[in-house]
Amino acid sequence: MSTQSVGKQRHQVVVIGSGFGGLFGTQHLRNADVDITLISKTSTHLFQPLLYQVATGILSTGEIAPATRLVLRKQDNAQVLLGDVIDVDLANKQVTSRLLNRDTVTAFDSLIVATGAQQSYFGNDHFATWAPGMKTIDDALELRARILGAFEQAEVAETREDRERLMTFIVVGAGPTGVELAGQIAELADRTLDGTFRTIDPRDARVILIEGTGAVLGPMGPKLGNKAAKQLEKMGVEIQLNTLVTDVDAHGVVVKDPDGGTRRIEATCKVWSAGVQASPLGKMIAERSEGTEVDRAGRVVVEPDLTVKGHPNVFVVGDLMSVPGVPGQAQGAIQGATYAAKAIKAGLGGQSPADRKPFKYFNKGSMATVSRFNAVCQVGKLEFGGFIAWLAWLALHLYYLVGYRNRIVTVIGWFVSFLGRNRGQMAATEQWVFARLAIEEVNSDQSEADELAAHLGAPPAENNRLTKEQREFG
Ligand SMILES: Cc1cc2nc3c(=O)[nH]c(=O)nc-3n(C[C@H](O)[C@H](O)[C@H](O)COP(=O)(O)OP(=O)(O)OC[C@H]3O[C@@H](n4cnc5c(N)ncnc54)[C@H](O)[C@@H]3O)c2cc1C
């Protein structure tokens, strides 16, 4: 076990997570008289809103996930550590992170926790094997390989049933991610793949969007939801509302209709975008902070200054925090992290935590793309859709992408895909499809995990079980 921060004199800030909250919090402390250690289990700053474009061959992973240490290269007061935080000791002010089997303990004076959320299968985690979510780079690449692989298999399928199953794509959940994915799978089939196969016509693909509630894009209201639904239907997407997925297997899903009846839909490629669950660190922190609670999604019910009870130096921000009226969106994470960084700076200047003004969220609106040239957008009371909304979506996403190079390459990728028919990132491999199963198998067998860890040069430890992310860097 190694220990960080020994003998350091300045105020020590530990930031957990390299998403919107973690990165913006760190950058906001750029000129502060502090040492920052950013610890994240992924080596990149992932721009999740564009994951679906990686999954559908428009963008590469590099464009939406620059390496965090490159982004922070010039920020001298920040150190980046790769590691899965496995323990947060609030009483002794230290965080333990693990990289393979190497544990590192990092001391803090102030802590910003921004570990976000993961996919929720509402207690049916085994669904993930056949219906991956859309939260990580791995998810997006796996999905790309599953989508393209399904068409490849359909080309050589021998029976009509096989072909139809392979050319049916199910997206579960009609929130922004589900809508964007369904739209892009339809466009991929209709435009990019059109004319590229000889025994199948990709335009025959069925894209089914299944939603448990009665509305598409529910939180955006009926006007925008209906607009998005109409556009999707125009593109051939079948929308099934008030329909609950009750089982998922390799070859399809079972759904429960509003009348209580059940039926099966045969489909090889399924994707889950139906719910989120906060990172487990939220529960750990709440349990250790005398009376802090978590909500149903596991998010930490924070104090008005985004801290946890009894620890005015511990901030929880982004998708991990539960604050009424703040949605699980990038803006919530950015504003929360900026607030925490300002509070830390004010503390260095002598401000007492009791004098902090409560966090106030400024709602800048929300948007979702439906297809090329078509999006829906909500800013305050203003609701609009179509081409103007799409341009607004384009500009905003470019603005928040990190790095000039990424912005330029992304614009080129969009030109190629939206003006022409091609997509620049159509590579897919068998390993991307099957890695999840292989990792599940390795993780279920301790001796195999030990062997693998030894092979990767990790020191022996009590528990050599490797997480998916740890394997990624082996
Ligand atoms: C597919 C998709 C589309 C989206 N589209 C939009 C959109 O259009 N507009 C919008 O505003 N928002 C969108 N969102 C939501 C937005 O991305 C999130 O609200 C935002 O990323 C939250 O930021 P965060 O910093 O709290 O968490 P995240 O960005 O999720 O970052 C969490 C970080 O914590 C790290 N981490 C997690 N656990 C640990 C651990 N134990 N130890 C160390 N590190 C850990 C992760 O590796 C990651 O770096 C979308 C999300 C998804 C998944």
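Domain bounds here come from an automatic or database domain assignment. For the protein chain, this assignment gives domain 1 (2-41 + 83-119 + 277-355), domain 2 (125-274) and domain 3 (430-472). The model is predicted, so that local features need pLDDT of at least 70 and side-chain atom pairs count only at pLDDT 80 or more, while totals for chains, interfaces and linings use all residues. Residues are numbered from 1 along each chain as its sequence is written, and side-chain values use heavy atoms, with hydrogens and water left out. Taken over C-alpha atoms, the centres of domain 1 and domain 2 are 36 Å apart.

A good place to begin is the ligand. Around the ligand are 28 residues (each with a heavy atom within 4 Å of it), and Gly21, Thr42, Gln48, Val85 and Asp319 come nearest. This shell draws at least three residues from each of domain 1 and domain 2. At least two residues of the shell are supplied by each of α1 (20-28), β5 (84-89) and α10 (330-348); helices (H or I, at least four residues) and strands (E, at least two) are DSSP runs, numbered from the N terminus. By class, the shell holds nine nonpolar, 15 polar and four charged residues. Here Ala, Val, Leu, Ile, Met, Phe, Trp, Tyr, Cys and Pro count as nonpolar, Asp, Glu, Lys and Arg as charged, and the others, Gly among them, as polar.

Oxygen atoms of the ligand also pair with polar atoms of the protein. A side-chain N or O atom of threonine 42 is 2.7 Å from a ligand oxygen, and for a polar side-chain atom of glutamine 48 the distance is 2.9 Å. Glycine 328 brings a backbone N or O atom to 3.2 Å from an oxygen atom of the ligand. Taken alone, the ligand exposes 990 Å², of which the protein buries 89% (Shrake-Rupley method, 1.4 Å probe).

Attention now turns to open space in the protein. The second largest pocket (an open set of points on a 1 Å grid over the protein atoms alone, with protein on both sides within 12 Å along at least five of seven lines) has a volume of about 470 Å³, a volume being the space filled by probe spheres set on the points, which are joined across faces, edges and corners. Of its 23 lining residues (those with an atom within 4 Å of a point), Arg146, Gln153, Thr268, Val433 and Phe434 are the closest to its centre. The helix α5 (137-156) gives the largest share of this lining, seven residues, and α6 (160-166) and α13 (430-443) each supply at least two. The lining has 14 nonpolar, five polar and four charged residues. Because domain 2 and domain 3 both give residues to the lining, the second largest pocket lies between them.

Technical notes. Polar contact = N/O pair within 3.5 Å; in protein donor to acceptor, adjacent residues only side chain to side chain. 1 Å grid on protein atoms, 1.4 Å probe; cavity = no way out; pocket = protein on both sides within 12 Å on 5 of 7 lines; lining within 4 Å.
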